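Q: Hey, can we go through this one together? I'd like to talk about pockets and side-chain contacts.

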Amino acid sequence: MKAALEAWGAGSNLFHQGVAKETNDPDVVAAPMSRPGVVLKRPAGSNGRFAEHSDLPSDLGFGREGKAAGRTSH
């Protein structure tokens with residue numbers, strides 16, 4: 001965790017705050033282990049692939065009407 005926080009340039013413990021978490025998922029662990037010391041990213045809230053430069057998420061939760069999912073107008 002310490003090495004991850006240093007690589008991210010984090011000024012506080014993101015793991016303690018619940019912003020970051022450890023994983024034992026072999027597919028997730030394999031990506032950073034193949035490139036030690038390189039910060040890999042993926043689109044926020046997605047299960048997309050990890051890469052040095054992440055694409056923006058393609059689905060931001062908006063329906064065809066352009067309203068956020070789960071919201072209703074008054």
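Here is a short chat about the pocket, the salt bridge and the aromatic pair in this predicted model.

Q: How much space lies in the largest pocket?
A: About 1,200 Å³.

Q: And which residues are closest to its centre?
A: Ala4, Trp8, Lys21, Pro32 and Phe50, out of 29 that line the pocket.

Q: Which elements give two or more residues to that lining?
A: Those are α1 (2–8) and α3 (26–33).

Q: What's the lining like by class?
A: It has 19 nonpolar residues, plus 5 polar and 5 charged ones.

Q: OK, switching to charges. How many salt bridges does the structure hold?
A: Just 1. Glu52 pairs with Arg35, and their closest N and O atoms are 2.7 Å apart.

Q: Where do the two partners sit in the chain?
A: Both Glu52 and Arg35 are in the segment after α3, 17 residues apart, so the pair counts as linking distant parts of the chain.

Q: Is Glu52 buried, exposed or partly exposed?
A: Partly exposed, because its relative accessibility is 36%. Arg35 is partly exposed too, with a relative accessible area of 36%.

Q: Now rings. How many aromatic pairs are there?
A: The structure holds 1. The partners are Trp8 and Phe15, with ring centres 5.6 Å apart.

Q: Why is that pair called stacked?
A: Because the planes of Trp8 and Phe15 are at 25°, and under 30 degrees counts as stacked.

Q: And how buried or exposed are Trp8 and Phe15?
A: Trp8 is partly exposed at 40% relative accessibility, whereas Phe15 is buried at 15%.

Note on methods: Residues numbered from 1 in each chain as written. Predicted model: local features only at pLDDT ≥ 70, side-chain atom pairs only at ≥ 80, totals over all residues. Heavy atoms only, no water. 1 Å grid on protein atoms, 1.4 Å probe; cavity = no way out; pocket = protein on both sides within 12 Å on 5 of 7 lines; lining within 4 Å. Points joined across faces, edges and corners; volume = space filled by probe spheres on them. Helix = DSSP H or I, 4+ residues; strand = E, 2+ residues; numbered from the N terminus. Nonpolar A, V, L, I, M, F, W, Y, C, P; charged D, E, K, R; others polar. Salt bridge = Lys/Arg side-chain N within 4 Å of Asp/Glu carboxyl O. Buried < 20%, exposed > 50% of the residue type's maximum accessible area, 1.4 Å probe, protein only. Phe/Tyr/Trp six-rings, centres within 6.5 Å; stacked < 30°, edge-to-face > 60°.
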